[in-house]
Amino acid sequence: MNMRRAGIAALCAFFSVAATAEPGVTDTTIFLGGSNALSGPVAAVCAPASYGAKAWFDKVNRDGGVHGRKIDYNVLDDAFSAQRAVSNARRIVQQDNAFAIFGGCASPTSSAILQYVVGQPEVPYLFPWAAMNELTEPTKKNVFALLPNYAFQVRAMLPFTIQRAAVKPKTAAFLMMNVPGAEDMRKAMKEVLAAQGISLVYEELFEVNIPDYTPYILQLKSKNPDLVLFGDSAAGAARLFLTMKRQDWRPPTAFGVTTLTAEQFLDPVGDYPDGWLSAAGMVSPPSAPESKDCNDALKASYPDQKPNHFTMFGCLAAKIGVEAMNRTGRNLTRAGLINALENMRGYDSKISGPVSFTPTDHMGTSAVVPFGTKGGQFITLGAPLKPAR
Amino acid sequence: MSTGKLLAKIPTRVRWVLMAFGLLLMAGMLSGDYPRYVLTLWMIYSLSAIGLNIVLGFGKIYSLGHGGFMLVGAYGTAVALNHFHWPASVAVAAAGVLATLVGILIGLPAIRLKHFSLAIVTFAFGITLFQLVKSTPYTGGPQGMFLDVNQLQAIWKGRLLWLVALLLCLTGLGISYSVMISRTGRALRMIAANETVARSFGIGVTFHKLAAFGLAAMLGAVSGGMHALITGVVAPETFSPDLSILIFAAVMIGGQGRLLGPVLGAAFVVAIPELTQGARALSLMIYAVLFLTVVTLFPKGLLGMIEAGVRRVAGETTAPPKTVAADNTREAP
Amino acid sequence: MNFDLALATAVAGIVSGAYYSLLGLAIALIYRTTAVANFAQGELGTLSTFLLVLYISRLPMPPLLQLILAIAIAAGISSLAYITLLRAQRGGDALNLTVRTLALYTLVHSVTLYFWGANEPYTAKGLFSAGNVDIAGFKLAYDQMGTLAIAGSLGLGLFILFRFTRVGLAMRSVAMNAEVASLLGIDVNRIALVVWLIAGAIGALVAMLIAPVSFLGTDLMQPYILKAFTAAVLGGLTSFPGVVVGGLLLGLIESFGSTWISIHLREPFTFVILLLVLLFRPAGLFARDHAGRV
């Protein structure tokens, strides 16, 4: 492009002279934007979700695309900063004119994007890896989720965990990262504990990824609860467990949320949690036979990225997104996409439970899979669980 | 006095600045939504840098906690909006007043401490505030707070906020200029040169230092409050100690002690991430190199560099003194 | 709080205190001899730890040699920074030099972020195995013991260096009064270089001790810079043993405060201590004369 045309293009961008009818959709391309923690404290855990999704989109593009259009998914780095996430969302919608905001990871940043997106009700915001209730409670027309929120995870899985314990726990502790969704999780936990007659002896929220957990473990040690519910980024949880090892104390039973189901947790802790930790998961592990096509897609696009739960989630999100866009048809509009999603019932993604949305329920999955660890691997402990209600 | 005569009395340099801002105003009004958002942020960071310049540039007081004032402004505004339900303008103003008090409080150790210790204490101040807001639910904990300002941002598609930001920046420049030519400005320059001598001249070192900190705090807080309104998010990591370093670098890059230096420096704060398409590490690296280069090789900042270049082009061999420390009855920049 | 818990808290406090002391020593050393407050102290340590964990550890060398190589590189980078940034352009006053270290901090941080920010945090293999030793019923972790041993030896080594060697004596003279020292024939520039070398090595060693516990990330040393400055200030920047005691004290106060009272007060503690010392005992806790070069 010569200088004059470049100059005119820049001017047009500055004064935002747009041309397309439906934002983000041309005859040949569907443009999706996303914001994720590609660098910073949770990058190793969160970034793979974007790679998993992109890899699947690449595969779909190779197979002909969606009604003849290729998907162009561009992810901006928010480095786990809510501020940057909002900036990115703004850029994606206003500057890049994306068709939808897709994916993303971590409830603090997704919360910030949610706030922005609520003010832009025509723009779809799809499937972030974020487990706070406010994503789908109350239902927002343009926001759809696939990850069950923390409160749901507790209600579905805590009774199971309690039941599995060798000796029924009498006391419990709550040690959770301070992110959106934590308070709802606390509430849900208190309900379940009360129903089971277990008393809560300790509750603390901490900042994600603190470098030193010693004070918390020392406090826990002095209270000596039978059951600990906790959540932190995978790496943070690993450090938590290593601190327990160092201080030579651990609870008889522990329950962790979906953030734990990542290799960044497993690799450092080895077989330490075997037999007493259960964690919530919602996607088939990469080692399962049905995960093959996701793994193959990942290998084709990102050969250096090891498959893990987050790449699987990204793949799942991409699968659902593609299915919805296919159902919308060649005349692809944002309203059409939302409509297609709201009419999806019992879709089989192969790597998760059935995915359904309704006009009043924008949470796609309705069960969690109980995971445990054995010999440095994740294993499923039983059939998918739903909350008792 | 007729308008014509009044206009004629405005010095040429000021007329150029006003014209430049007029053009900027138009650009912001006509541009697309996103570029306008970036320009608005530029004005806001300029305001903050202008505040720091009063302490750092005029008084050579190395305040490394300026981000803390912005934090007070942003969080003050958020708390006022969310917990007390005050209207936006009142919230920002109140935050400004609060920060001024905080600034004076921080200024108190500044009287006794010098140099290294002061730098450490101001640095510690920034870190401590940062940790404090992360630790209580009242300020949203580590998640921060969201402001319900979607409507405010939507007014005239963001042009209202743009106008306000621009006007605030101009006001900041006005304040900065009047400090420059006032007793406080002269006192600060003398204190910067030699505090003991200044004291022996009967200059109220305490008063002027506190005034400087108070002003810096107020401007920083208003900037922070506006930041909150413009982005709708008040998150702790935005106001981490790195922000203090960022604004500090902006002042130095632009040209410390100069009137327009902060505005120029703030442009880099905002422009570099945009130009590198948000590739965070790359933009930070460019900014760091710029900072390092300016501090090591060009202590007069970019403004000094530009002027030296212009002078060379214009063929002058000796540079007339242009820094603030010189004749202070002449008008800046 | 029972005795066991108190002991565990104390041990944790001493371990962090050891880090603060060592870093504080490095900062005080640099400040006393070159009049610069080195804000980049931590980041250089982070950088060298990245090099160790990601590259040097892959080399076919015994781990101890790898460690020494990494520390040597860190010392080298530190002296290089001193030569290029501070010595080469003497134009600025002491504060301008300090600001340069601030810029250096930003630069090094951005470099580590650029190269390794995408996959952090990384796990770093520790020097010590993960186990506990039983001392009369109290369990002490191997890595805690090891850290204390290394920190202690380093402290002792520095003490011997200052007290009993000519280089150490020269460093102390420069620290007391650079002008007089140079008049007495000491090559101040050379001493300054040595000081920056040592400080770089200390910073790297501390970072390498912390990394296995906190995991290696670009913000590895972020929490420590202020605490290091506080430890240095507690020692008044004049008395090196004062810095050590100051650092240990800080670690203990922090540990007991956060475990007993409230975890959230951890950072404000540091600030309050710093402020109190600077306002009321600016020459440090242990100074005999109160006219400190503060």
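**Close-ups of a predicted model: chains A, B and C**

**View 1. Strand β8(A), wrapped on both faces.** Both sides of β8(A) are covered, with Leu227(A), Leu229(A) and Gly231(A) buried on one face and Val228(A) and Phe230(A) buried on the other. That fits the tally for the strand, which spans residues 227-231 of chain A: five of its five residues are buried. Keep in mind for this and every other view that the model is predicted.

**View 2. The strands paired with β8(A).** Here we look at the partners of the strand from View 1. Strand β6 of chain A, residues 171-177, runs parallel to β8(A), and five bridges join the two. For a landmark in this part of the view, find Ala172(A), which stands opposite Leu227(A) of β8(A). Strand β9 of chain A, residues 253-256, is also parallel to β8(A), joined to it by four bridges. Val228(A) is a handy marker for that pairing, as it stands opposite Ala254(A) in β9(A). To get from β8(A) to β9(A), the chain passes through α8(A), making a right-handed β-α-β crossover.

**View 3. Where the two domains of chain A meet.** The domain assignment splits chain A into domain 1 (19-148 + 287-358) and domain 2 (150-281 + 370-380). Taken over C-alpha atoms, the centres of domain 1 and domain 2 of chain A are 29 Å apart. The contact between them draws 17 residues from domain 1 of chain A and 19 residues from domain 2 of chain A. On the domain 1 side, the elements giving two or more residues are α2, α4 (107-118) and α11 (309-328) of chain A. Of these, α4(A) gives the most, with three residues. By class, the domain 1 side divides into ten nonpolar, five polar and two charged residues.

**View 4. Chain A against chain C.** In this view, 24 residues of chain A are in contact with 25 residues of chain C. On the chain A side, look for α2 (43-62), α7 (214-223), α8 (234-246) and α9 (263-269), the elements that each give two or more residues. The largest share, seven residues, comes from α7(A). What sort of residues make up the side of chain A that touches chain C? They divide into eleven nonpolar, six polar and seven charged.

**View 5. Chain C against chain B.** Now for the other contact of chain C: 34 residues from chain C take part, along with 31 residues from chain B. The chain C elements that give two or more residues here are α4 (94-116), α9 (222-234) and α11 (266-280). Helix α4(C) has the largest share of the chain C side, at 15 residues. The classes on the chain C side come to 23 nonpolar, nine polar and two charged residues.

**View 6. Chain C as a whole.** Zooming out a little, chain C has eleven helices and two strands, and along the sequence they follow the pattern α-α-α-α-β-β-α-α-α-α-α-α-α. The C-alpha trace spans about 60 × 50 × 35 Å along its principal axes. A compact globule of 294 residues would have a radius of gyration near 19 Å, and chain C agrees, with 19 Å. Buried residues account for 53% of the 294 residues in the chain. Among contacts in chain C with a separation of 6 or more, 73% are between residues 24 or more positions apart.

**View 7. Ala211(C), inside helix α8(C).** Ala211(C) lies in α8 of chain C, residues 188-214. Is Ala211(C) buried or exposed? It counts as buried because it has 25 C-beta neighbours inside 10 Å. Setting aside neighbours within four places in sequence, Ala211(C) is in contact with Thr49(C), Val53(C), Ala124(C), Leu216(C) and Leu220(C). For scale, the C-alpha atoms of Ala211(C) and Gly146(C) are separated by 14 Å, with their positions 65 residues apart along the chain.

**View 8. Asp4(C), in helix α1(C).** Asp4(C) sits in α1 of chain C, residues 3-34. Its surroundings hold 14 other C-beta atoms within 10 Å, so Asp4(C) is partly exposed. From Asp4(C) to Thr98(C) the C-alpha to C-alpha distance is 44 Å, and the two are 94 residues apart in sequence.

Definitions and conventions
Residues numbered from 1 in each chain as written. Chains lettered and ligands numbered in written order. Predicted model: local features only at pLDDT ≥ 70, side-chain atom pairs only at ≥ 80, totals over all residues. Contact = placed C-beta atoms within 7 Å. Nonpolar A, V, L, I, M, F, W, Y, C, P; charged D, E, K, R; others polar. Buried ≥ 20, exposed ≤ 12 C-beta atoms within 10 Å, placed from the backbone. Pairing = 2+ DSSP bridges. Right-handed = clockwise from strand over helix to strand, strands pointing away. Rg over C-alpha atoms; globule rule 2.2 N^0.38 Å. Domains from an automatic or database assignment.
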